Each structure stands twice: as structure tokens, then as C-alpha cells.
Amino acid sequence: MAVGTAPGKVILLGEHAVVYGQPAIAVPVTHVQATAVVEDAPAGTGITIVARDLGRRFRISNREPRGRAAAALARTVHNTLRRLGRSIDLDLEITLSSTVPIGRGLGSGAAVATAIVRALAQHLGGYLTSRDVSDLVYQTELLHHGTPSGIDNTVIAFGKPVYFIRDRCDEVFWPGRPFWLAIGDTGIPSSTRRVVADVRDRWQRDRPTYDAHFAAIGALVAQAREALIKGDLHELGRLMIANQDELRAIGTSSDALERLIAAAMAAGALGAKLSGSGRGGNMIALVDETTSDAVAAALRCAGAQGVIITRVS
Ligand code: MEV
């Protein structure tokens, strides 16, 4: 038997602009986790996926299973076995469970795929680097999101804060000082695929305006990297607020997100913004030991359906 796990993630700064070649920073969220358990199954039973969260059990074959989520799981298994030089002619049961909320911008799909890749590699005795894992999970992300930048699979596979530029740079780094994030859930599902496609439509209709917003976000991310390395959390907070102004301008915020952001700031957060694709999903607030309880309470009061406090180091 082998067990593979993977954390969730949040984008600290740079979402959307990262799809257009600007840098972004993402951090793992270790308080939530996806788990895959791979066990040998009776001879002749083939490979079965038991996806508890989807309420589904299905056999891996050469036919794609019904539904995008199941197809993504099957694709992950096929690609991993191919990468390990194995065929699907094996008898295995792969049981999946996850505490990463689905459809909230916390990388649930990438986390489950990463857990599967790791568990299969361990069970079958294959060696995969974090970059190999990330590349395999990117193939799954293509099915989930259409045109992903690759930042979600990178931060989840490496399990460390990353500074990421599409097709150019994925640099793991250590913040100069640990910090805490309060992650507030609007309770509204957010489809990354849909919001990314909508931003693309707007960009195609008015490229100069959107390119200027994306460049402004890229400049904020570069400054945030310096602030993080120095451990200057006040500066990081200021940059998060400026990033939120840009995200509002490109149409990815919403009343629900703005309500939670305002509540977090009023309760003492150093900065706050939406995180991920936006419209619904999660917002993040930069907090410390002295403000985290007050910010979490203020978020719940303002309607957050769930609050996670996570430490990033
Ligand atoms: C999703 O976590 C972040 C987006 O920038 C999309 C992407 O990078 O693929 C909205």
C-alpha cells in the first residue's frame, strides 16, 4: 500500500495577469490536504478509482469516464503510468479523499492529481522529481481549466512558496519572516475556466487597457517578492491592496468578496484581496498572531462560510 498527499494553495498576488506572462506568487495551504491510497487489488479486477468526494467508483479503461472530474482523474492515472513505463494492465484500487474545498480557488483538482501521481510512483517503485510531478499534473489541469498558467500544479507539487512566470521561471523561495493568512470563503462557487475565459474576452476587446492592468499587477508582484524576502509584511499588505484594485478593474471581484475584504481590513489585517479566479471563491487577508482571531471573527460576521488560518514559512 502507498499513500500520496498534497496541500491546497492560494495565489498571494498575480492571478489572471500570470496567464498573460506576468509573474505571480503562490503559497501552499497545508491545513487542507488531498490523499490518495493505492493498494493491490484482486487479480483480474483492473484499476479502480474510488472517489469518495465525487461519490463515484469507476474502472480505468481506454474509454474516458463520464464527467470532467472523473475524466481528469483517469487522465492522471494514464499519464502517470505512461511516465513510469507501465501499462494500465494492473490490478489496483486507488482511494481518494480530500479536505481541500472544491471550486473555491484552493487548487482542489491539482491537489488530488498530485496525490495520485505520488501514490502511484511510490507503489510502483518509480522515481519522480517535484518537477516531473508538476508536469504530469499540468496535463490534468488542461482538462480542468482549459488554459492554465501552470502556477497551481507548480506550487502544489513543490509544496513551497513559488515565484512563477509562465514558461520561464518557477522559483521556490523562503520568506524572510513567516506570516499568517486568513482565508475567507464567500460560499459562492467559482469556475476558473469561466472567469479566465471571460477575462480573455475582455482583453480581446480592449487589449491596451487590459495589458496595462496586467503589467501593473506584474510590477506589484515583483515588489512583493522583495518585500517577502526582506520580511516586510506592512509593504506586502500594501501591495496586496494595490493588487486588489487592479483585480477589481479587470472585473474579477464581486460584492461578496469586497464585503469580506473590507471586514478583514477593518479588523486589523495588513492587506486583503481576492485569491484565484475571483467572482466567488476565496479572499485572503494578511494577519499576525495578534490579529488573526479578530480577523477570522470579522470574516464570519461578514458572511464567510468558512475561515482557514494558515502559516506560511
Ligand atoms: C487560478 O488559481 C489562477 C488564475 O490565474 C488562472 C491560472 O493561473 O491558470 C486565475
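In this predicted model, one helix pairing offers a convenient point of entry: Leu73, Thr76, Val77, Thr80 and Leu81 of helix α1 are in contact with Val112, Ala113, Ile116, Val117, Leu120 and Leu124 of helix α2. By residue class, this contact comprises 9 nonpolar and 2 polar residues, with no charged residue taking part. The two polar positions are Thr76 and Thr80, both in α1.

The geometry of the pairing may be considered next. Two packed helices are described by the angle between their axes and the distance separating those axes. Helix α1 spans residues 68-83 and helix α2 spans residues 108-124. Their axes lie 10 Å apart and form an angle of about 35°. The crossing of α1 and α2 is right-handed.

From this pair, the view can be widened to the whole chain, which contains 9 helices and 11 strands. For its 313 residues the globule rule gives a radius of gyration of 20 Å, and the value for the chain is 19 Å, close to that figure; the chain is therefore as compact as a globular protein of that length. Taken along the principal axes, the box filled by the C-alpha atoms is roughly 60 × 45 × 35 Å.

The interior and the surface complete the description. Of the 313 residues, 57% are buried, that is, under 20% relative accessible area. Among contacts between residues at least 6 apart in sequence, 72% join residues at least 24 apart. The accessible surface of the chain amounts to about 12,900 Å², and carbon and sulfur atoms account for 49% of this area.

Conventions
Residues are numbered from 1 along each chain as its sequence is written. This is a predicted model: local features need pLDDT of at least 70, side-chain atom pairs count only at pLDDT 80 or more; totals for chains, interfaces and linings use all residues. Side-chain values use heavy atoms; hydrogens and water are left out. Axes are lines fitted to C-alpha atoms, for helices over the stretch in contact, and angles run from 0 to 180 degrees between N-to-C directions. Helices (H or I, at least four residues) and strands (E, at least two) are DSSP runs, numbered from the N terminus. A crossing is left-handed if the near helix is turned anticlockwise from the far one by less than a right angle, and right-handed if clockwise. Contact means heavy atoms within 4.5 Å. The radius of gyration is taken over C-alpha atoms; the globule rule is 2.2 Å times the number of residues to the power 0.38. Buried means under 20% relative accessible area, exposed over 50%, partly exposed in between (1.4 Å probe, protein chains only). Accessible areas come from the Shrake-Rupley method with a 1.4 Å probe; for residues, only the protein chains shown count as cover.
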